[in-house]
Amino acid sequence: MPSNTDYLSKLATYNAQHGITVTFSEMKKTARRMQKQHESMPEGWRLTVEDYFRQISDPTGEEATDNVMNERAKQNQAAAARRLADAA
């Protein structure tokens, strides 16, 4: 049976080192999710905070979101320029 790991303390340390600000409630929820994942892992495996966040990272999705947001910003700028031209 996997050992009980204090993910809340590890998460708090990780957040402090990386300048991440979250509420205590958010940290508790994340620590519980990490503990559940740890308990579902085979014996002898361990889960680090970095591993947990690496698993939920999606570079392709993040790039896609950035592309959509950039396109939307361009459309908003064009619409604003049109409105300013119409008002003049």
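Here a biologist and a modeller talk through a predicted model of a protein chain.

Biologist: What makes up the protein chain in terms of helices and strands, and in which order do the elements run?

Modeller: The protein chain has 4 helices and 0 strands, and from the N terminus on its elements follow the order α-α-α-α.

Biologist: Why is M27 called buried?

Modeller: M27 has a relative accessible area of 12%, and the word buried applies under 20%, so with its 12% M27 counts as buried. This residue lies in helix α2.

Biologist: Why, then, is L8 called partly exposed?

Modeller: The relative accessible area of L8 is 25%, while partly exposed covers the values between the 20% limit for buried and the 50% limit for exposed; therefore L8, at 25%, is placed in that class. L8 is a residue of helix α1.

Biologist: How do you know that L8 and M27 are in contact, and which other residues does L8 touch?

Modeller: Contact requires heavy atoms within 4.5 Å, and, when neighbours within four places in sequence are left aside, L8 has such contacts with F24, M27, K28 and A31. Counted in the same manner, without residues up to four places away, M27 touches L8, L11, A12, N15 and V22, and A31 touches Y7, L8 and L11.

Biologist: How far apart are M27 and S9 in sequence and in space?

Modeller: M27 and S9 are separated by 18 residues in sequence and by 9.4 Å in space, taken from C-alpha to C-alpha. For L8 and Q35, the separation is 27 residues in sequence and 9.4 Å in space, again C-alpha to C-alpha.

Biologist: What makes the largest nonpolar core a core, and which residues belong to it?

Modeller: Such a core is a set of buried residues of nonpolar kinds, Met, Ala, Leu, Val and Tyr among them, joined through side-chain atoms within 4.5 Å. The largest one here has 10 residues in all, namely Y7, L11, Y14, M27, A31, M34, M41, L47, V49 and Y52. At least two residues of this core come from each of α1 (7-18), α2 (24-40) and α3 (49-55). In soluble globular proteins, nonpolar side chains tend to be buried together.

Biologist: How many residues does the protein chain have, and what share of them is buried?

Modeller: The protein chain has 88 residues, of which 19% are buried. Its accessible surface comes to about 7000 Å², with 53% belonging to carbon and sulfur atoms.

Conventions: Residues are numbered from 1 along each chain as its sequence is written. This is a predicted model: local features need pLDDT of at least 70, side-chain atom pairs count only at pLDDT 80 or more; totals for chains, interfaces and linings use all residues. Side-chain values use heavy atoms; hydrogens and water are left out. Buried means under 20% relative accessible area, exposed over 50%, partly exposed in between (1.4 Å probe, protein chains only). Accessible areas come from the Shrake-Rupley method with a 1.4 Å probe; for residues, only the protein chains shown count as cover.
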